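Subject: the structure you asked for

Hi,

Here is the structure I promised to pass on. Have a look first, then read on for what turned up in it.

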Amino acid sequence: MTEQFTETLKQASEPTWTKAVEHRFVSELYTGTIPDKVMAFYLVQDHRFLDSFLSLLGAAMASADTLDARLRFGRFAGTVSGEENTYFLRAFESLGVTPEDRAATPDAEPTIGFQSIMREAAETRSYAAVLSVLNVAEGLYYDWASRAPKPLPKNFVHAEWITLHDNLEFLQFVAFLRDELDRVGPAVPEISRDFFLRAVSLELDFFNAVYEEGNAPDRP
Ligand SMILES: Cc1ncc(CN)c(N)n1
């Protein structure tokens with residue numbers, strides 16, 4: 001049997017994919033031991049990721065070639081705008097992160113990188129380019145979240161970040177993204193590979209930035 005297109009892309013992204021999935025941030029999330037200031041920094045950056053991610057879902061809806069796919073993206077955009085956004089707001093409150101703290105925190109380099117690659121993918125108007133970035137963002141998160149040992153940590157800030165990326169709806173969406181890229185990607189392999197590999201590197205950079213000196217300062 002020939003290897004699926006997405007599996008080939010994932011293999012090409014190694015060892016970066018595995019370094020991201022097995023990152024220190026992920027293992028500390030499993031055990032609920034990420035210090036609050038580190039989690040706060042990560043979530044402030046990731047809430048900005050969510051903003052550009054929603055634009056990318058809009059681009060997916062615009063560039064998709066079937067009604068079924070558009071409906072699927074629309075439903076998923078609803079989940080991200082609802083449950084996931086509410087999680088961020090509850091987590092900020094629990095961690096004592098105020099709107100002023102968020103406004104005063106600059107974008108980290110990988111956040112800027114994600115905003116830029118998502119804009120770039122949207123501007124290509126290529127469904128495969130958009131799907132390549134989405135496959136990494138959702139597939140890589142499902143990969144680490146589905147490996148989380150049970151029981152999950154007690155603190156909801158840690159536990160819900162895992163369950164948001166390891167549930168039936170998310171699994172089905174990840175499978176849908178994979179099937180779509182397996183269907184349309186082989187016609188444009190270079191563009192798919194380029195966006196896929198750059199997105200995997202950004203995922204690793206995003207986790208690394210959390211532990212970089214000075215990125216998660218103590219707030220007064
Ligand atoms: C950086 C990043 N990548 C992926 C995901 C999963 N949507 C996320 N929340 N943040």
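One cut-off before anything else: a residue is called buried if 20 or more other C-beta atoms lie within 10 Å of its own, exposed if 12 or fewer, and partly exposed in between. Bear in mind too that this is a predicted model.

With that cut-off, R125 counts as exposed, because it has 11 C-beta neighbours inside 10 Å. R125 caught my eye for its backbone: phi is positive, about 55°, although the residue is not a glycine. You'll find R125 in the loop between α7 (109-124) and α8.

There are also two cis peptide bonds to look at. One joins E14 and P15, with omega at about 10°, and P15 sits in the loop between α1 (5-12) and α2 (16-21). Another joins K150 and P151, with omega at about 0°; P151 is in the loop between α8 and α9 (156-163). As a reminder, most residues other than glycine have a negative phi, and most peptide bonds are trans.

Now the ligand. Around it are D46, F49, A137, E138, Y141, E203 and F206. The elements giving two or more residues to that shell are α4 (36-63), α8 (127-145) and α11 (189-210), and the largest share, three residues, comes from α8. By class, the shell has four nonpolar residues, three charged ones and no polar ones.

Two of those names come back in the UniProt record. Under "binding site", an unreviewed entry there lists D46, E84 and E138. These residues span 93 residues in sequence, yet no two of their C-alpha atoms are more than 13.4 Å apart, so they gather at one spot. D46 lies in helix α4 and is partly exposed, because 19 other C-beta atoms lie within 10 Å. E138, in helix α8, has 20 C-beta neighbours inside 10 Å and therefore counts as buried. Leaving aside neighbours within four places in sequence, E138 is in contact with F173, V174 and L177.

Those three contacts lead to α10, where F173, V174, L177, R178, E180 and L181 are the buried residues. Seen down the helix axis, the buried residues of α10 fall within an arc of 165°, so they line one face of the helix. An α-helix has 3.6 residues a turn, so residues three or four places apart point the same way. On the other side of α10, L168, Q172 and A175 are exposed. What covers the buried residues of α10 includes α1, α5 (67-95), α8 and α11. The length of α10 checks out too: at 1.5 Å a residue, its 17 residues (168-184) should span 24 Å, and its end C-alpha atoms are 24 Å apart, which agrees.

One more residue, F207, is found in helix α11. F207 has 18 other C-beta atoms within 10 Å and is therefore partly exposed. Neighbours within four places in sequence aside, F207 is in contact with A20, H23 and F25. From T8, F207 is 199 residues away in sequence and 24 Å away in space, C-alpha to C-alpha.

Last, the overall annotation: an unreviewed UniProt entry lists residues 13-212 as "domain: Thiaminase-2/PQQC". Over residues 13-212 the chain is 80% helix and 0% strand, with the end C-alpha atoms 23 Å apart.

Cheers

Terms used: Residues are numbered from 1 along each chain as its sequence is written. This is a predicted model: local features need pLDDT of at least 70, side-chain atom pairs count only at pLDDT 80 or more; totals for chains, interfaces and linings use all residues. A residue is near a molecule or strand if its C-beta atom, placed from the backbone, lies within 6 Å of it. Helices (H or I, at least four residues) and strands (E, at least two) are DSSP runs, numbered from the N terminus. Ala, Val, Leu, Ile, Met, Phe, Trp, Tyr, Cys and Pro count as nonpolar, Asp, Glu, Lys and Arg as charged, and the others, Gly among them, as polar. The expected span of a helix is 1.5 Å times one less than its number of residues. The arc is that of the directions from the helix axis to the C-beta atoms. Two residues are in contact if their C-beta atoms, placed from the backbone, lie within 7 Å. UniProt positions are given in the numbering used here, feature names are shortened, and annotations may be inferred rather than shown by experiment.
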